[in-house]
Amino acid sequence: MPKIAKLETFTNAYVCFVKLTTDTGDVGWGQTSTYHADITATVFHRQVAPWVLGRSALDVDALIDLVEEREHKFPGSYRCRALAGLDTAMWDLRGKLEGKPVVELIGGKPGFLRAYASSMKRDITPEAEAARFVRLRDEKGFDAFKWRVGAECGRDIDEWPGRTEAVIPTVARALGDGIAKLVDGNSGFSPARAIEVGHMLEAEGISHFEEPCPYWKLEQTKQVTDALSLDVTGGEQDCEIGIWERMIEMRAVDVLQPDIMYMGGLSRTLRVCRLGEAAGLPVTPHSANLSLVTMCTMHMLGAIPNAGKYLEFSIEGDDYYPWQDGLFLGDPFAIDAGRAKIPDAPGWGVEINPAWLDKAVRQVSEAEQ
Ligand SMILES: [Mg+2]
């Protein structure tokens, strides 16, 4: 049984890749969650690596549980963001040792996945959003799109007056029939306003209303879910299993949206998927940028029985997320006829760009000899 001999991180302010090396010299690559990745790397070396060095490099669930228990005074986001780096490096290693893509390790198959084009912009006019969606529909073949309404944690105050009332019909009508239409409220509304907006969405054929109310107010979200016929969705910020259990038991949402990196990796996210499966709820994960999170999500959606209708696929490029540039070799996120391709190469099936790694800050935790 190979043991974890060395854990290295390669970090800038946005991204932290993790390289796991075993005592047999085998290597797996993972990533922690994005943004403030330098802080996450510190958590990784202080509160994750010391517990797992010298232990089996193959039993992901056991090590995830071990770190959670040893660091039980530090629940929450940063511990999970750092754990994701360990988890995803361990899955990549296992895939490489067995010569299989991760999707196969968890019971699925590589191949094509329907993607929805996901806008990250609110500082965009309804007309400009509609124009770029129509272009993506015609050029890349996307048949599903998500755009933004309200304002982030906006307490019913819009991004600018009237934007929500304008952007709903402008974008929906420009896209036309035969296109799945999704919107995201990013915790922007009270229940009363969310229900009012929800009726506008239903009138324009929108089928998915994400995070209408402050996400930590599950009762508010449930009021909206109960009042509307379209799918109310959420959960991207949540990383505690107890909250997921409550969310599912009370039917706060119709669709679960865990983020693999916010959750602490694939293994903990699969636990949420299984809770959803038992309750008959689909999973449409949050994967809002083109770092490793979207690739991990592709492998997971190719395997779980309660996969939602599509993969979230960010359409933002260098103008908005310049930090995504040059992370990987080749073009792992190519879109063909509105679909992304789950690779068939071992592990995650991506190669991190050596030139990016050369410019990153490197830190090492090593098992004592
Ligand atoms: Mg969202």
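## Elements and model

Helices, as named here, are DSSP runs of H or I with at least four residues, strands are DSSP runs of E with at least two, and the numbering of these elements starts from the N terminus. On that footing E211 belongs to neither kind of element, since it lies in the loop between β7 (208-210) and α8. The model described below is predicted.

## Domains and their contact

The domain assignment of the protein gives a domain 1 made of two stretches, 4-99 + 354-366, and a domain 2 that covers 103-342. Between the C-alpha centres of domain 1 and domain 2 the distance is 27 Å, and the contact between them involves 23 residues of domain 1 and 19 residues of domain 2.

On the side of domain 1 that touches domain 2, at least two residues come from each of α2 (60-70), α3 (77-98) and α13 (354-359), and the largest share, eleven residues, is supplied by α3. By class, the residues on this side of domain 1 are eleven nonpolar, seven polar and five charged.

## Helices α5 and α6

Helix α5 (residues 126-140) packs with helix α6 (residues 163-175) at an angle of about 25°, and their axes lie 9 Å apart. Angles under 35 degrees count as roughly parallel, and α5 and α6 are therefore roughly parallel to each other. The crossing in which α5 passes α6 is right-handed.

From α5 the contact draws on P126, E127, E129, A130, F133, V134 and R137, while α6 contributes A166, V167, T170, V171, A174 and L175. Sorted by class, this contact of α5 with α6 holds nine nonpolar residues, one polar residue and three charged residues.

## Helices α9 and α11

A further helix pair is formed by α9 and helix α11 (residues 266-279), whose axes come within 10 Å and cross at roughly 15°; that angle makes α9 roughly parallel to α11. The crossing of α9 past α11 is right-handed.

In this pair I241, W244, E245 and I248 of α9 meet R271, V272, L275, G276 and A279 of α11. The classes represented in the contact of α9 with α11 are six nonpolar, one polar and two charged residues. Two of the α11 residues, V272 and G276, are also touched by L256, a residue found in strand β9 (residues 255-256).

## Surroundings of α8, G198 and L256

Within helix α8 (residues 218-227) the buried residues are L218, Q220, T221, Q223, V224 and T225. The elements that cover them include α7 (191-203), β8 (231-234) and α9 (241-249).

Helix α7 contains G198, which counts as buried because it has 24 C-beta neighbours inside 10 Å. When residues up to four places away in sequence are left out, G198 touches F209, V224, A227, L228 and L230; V224, one of these, is among the buried residues of α8. G198 and G234 stand 36 residues apart along the chain, and their C-alpha atoms are separated by 15 Å.

L256, in strand β9, also counts as buried, because 29 C-beta neighbours fall inside 10 Å. Leaving out residues up to four places away in sequence, L256 touches G235, V272, G276, L281 and V283. Measuring C-alpha to C-alpha in the model, L256 and L228 are 17 Å apart in space, with their positions 28 residues apart in sequence as the separation.

## Loop residues with positive phi

Most residues other than glycine have a negative phi. Against that background, N186 has a phi near 45°, a positive value in a residue other than glycine. N186 is placed in the loop between β6 (180-184) and α7, and it counts as buried because it has 20 C-beta neighbours inside 10 Å, where 20 or more are needed for a residue to be called buried.

E211 likewise has a positive phi, near 40°, in a residue other than glycine. The loop that holds E211 runs between β7 and α8, and with 27 C-beta neighbours inside 10 Å, E211 is therefore counted as buried.

How values were computed
Residues numbered from 1 in each chain as written. Predicted model: local features only at pLDDT ≥ 70, side-chain atom pairs only at ≥ 80, totals over all residues. Axes fitted to C-alpha atoms, helices over the stretch in contact; angles between N-to-C directions. Parallel < 35°, antiparallel > 145°, perpendicular 65-115°, else oblique. Left-handed = near helix turned anticlockwise from the far one by under 90°. Contact = placed C-beta atoms within 7 Å. Nonpolar A, V, L, I, M, F, W, Y, C, P; charged D, E, K, R; others polar. Buried ≥ 20, exposed ≤ 12 C-beta atoms within 10 Å, placed from the backbone. Domains from an automatic or database assignment.
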